[in-house]
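Hello,

Here is the structure I promised to pass on to you. Have a look at it first, and then read my notes below.

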Amino acid sequence: GINAEYMGTLSSGLKLITALTTKTYQVNMSAIARLSVTRSLAYQRVVARQATLAQARTIQTSSTRGDIDSAAKFIGAGAATVGVAGSGAGIGSVFGSLIIGYARNPSLKQQLFSYAILGFALSEAMGLFCLMMAFLLLFAF
């Protein structure tokens, strides 16, 4: 049969193999666990950073560029509307001159009136162009 010394050597060899396998297995499990913990910590850091960036983004409600563009629209529309006042002054000047011309020479009433209507139309057209530009600035751009 098998002698006791051989069995002892075999038993110690099996113990050695079992110990080596167990240690290797524990090292592998430890490395896997370490890798998994490292990944989860890295993932938590990325998620925390993204949340911080999202909070930072929600604090700023509008871009400065959009605010400046909006202010420029309103300023431009206001400046273009000033031309409408000029149109009103021009129309007043045209009809004031019509009255003065009629007072000086009543016989030219029809010709003076046709010139006054032409002056009124041109002055009013300029005012409407200014108003159109104001609306274009506000609503088209």
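How many aromatic pairs does the count come to? The answer is two. Please keep in mind that this is a predicted model.

Let me take the pairs in turn. A pair of aromatic rings is described by the distance of the centres and the angle of the planes. For F95 and F120, the ring centres are 5.9 Å apart and the planes stand at 55 degrees. Planes under 30 degrees apart would count as stacked and those over 60 as edge-to-face, so this pair is tilted. The pair links distant parts of the chain, with F95 in helix α2 (residues 64-104) and F120 in helix α3, 25 residues apart. Both rings belong to partly exposed residues: F95 has a relative accessibility of 28%, and F120 has a relative accessible area of 31%.

The other pair is F135 with F139, whose ring centres are 6.2 Å apart. Their planes are at 20 degrees, so this pair is stacked. Here both residues lie in helix α3, four residues apart, which is about one turn of the helix. F135 is partly exposed at 46% relative accessibility, whereas F139 counts as exposed at 69%.

Now for the overall picture. The protein chain has three helices and zero strands, giving the pattern α-α-α along the sequence. Of its 141 residues, 8% are buried. The accessible surface comes to about 11400 Å², and carbon and sulfur atoms hold 70% of that. Among contacts with a separation of 6 or more, 75% are between residues 24 or more positions apart.

Some of the links between distant positions can be followed residue by residue. F120, besides pairing with F95, has contacts with I91, V94 and F95 once neighbours within four places in sequence are left aside. Its C-alpha is also 7.7 Å from that of G90, although F120 and G90 are 30 residues apart in sequence.

S123 is worth clicking on as well. This serine sits in helix α3 and touches S87, G90 and I91, not counting residues up to four places away in sequence. Is S123 buried or exposed? Its relative accessibility is 13%, and the limit for buried is under 20%, so S123 counts as buried. I91 thus turns up in the contacts of S123 and also in those of F120.

Finally, have a look at the surface. Which residues form a nonpolar patch there? They are M126, F129, M132, M133, L136 and F141, with about 630 Å² of accessible area together. One of them, L136, lies in helix α3, which covers residues 109-139. L136 is partly exposed, with a relative accessible area of 35%.

If you only have a few minutes, I would start with these three views:

- the tilted pair of F95 and F120, which links helix α2 to helix α3;
- buried S123 and its contacts with S87, G90 and I91;
- the nonpolar surface patch that includes L136 and F141.

Best wishes

Terms used: Residues are numbered from 1 along each chain as its sequence is written. This is a predicted model: local features need pLDDT of at least 70, side-chain atom pairs count only at pLDDT 80 or more; totals for chains, interfaces and linings use all residues. Side-chain values use heavy atoms; hydrogens and water are left out. Helices (H or I, at least four residues) and strands (E, at least two) are DSSP runs, numbered from the N terminus. Buried means under 20% relative accessible area, exposed over 50%, partly exposed in between (1.4 Å probe, protein chains only). Contact means heavy atoms within 4.5 Å. Accessible areas come from the Shrake-Rupley method with a 1.4 Å probe; for residues, only the protein chains shown count as cover. Patches are made of residues with over 30% relative accessible area and no salt bridge: like charges are joined within 9 Å, nonpolar side chains (Val, Leu, Ile, Met, Phe, Trp, Tyr) within 5 Å. A salt bridge is a side-chain nitrogen of Lys or Arg within 4 Å of a carboxyl oxygen of Asp or Glu. Rings of Phe, Tyr and Trp (its six-membered ring) pair if their centres lie within 6.5 Å; planes under 30 degrees apart count as stacked, over 60 as edge-to-face and the rest as tilted.
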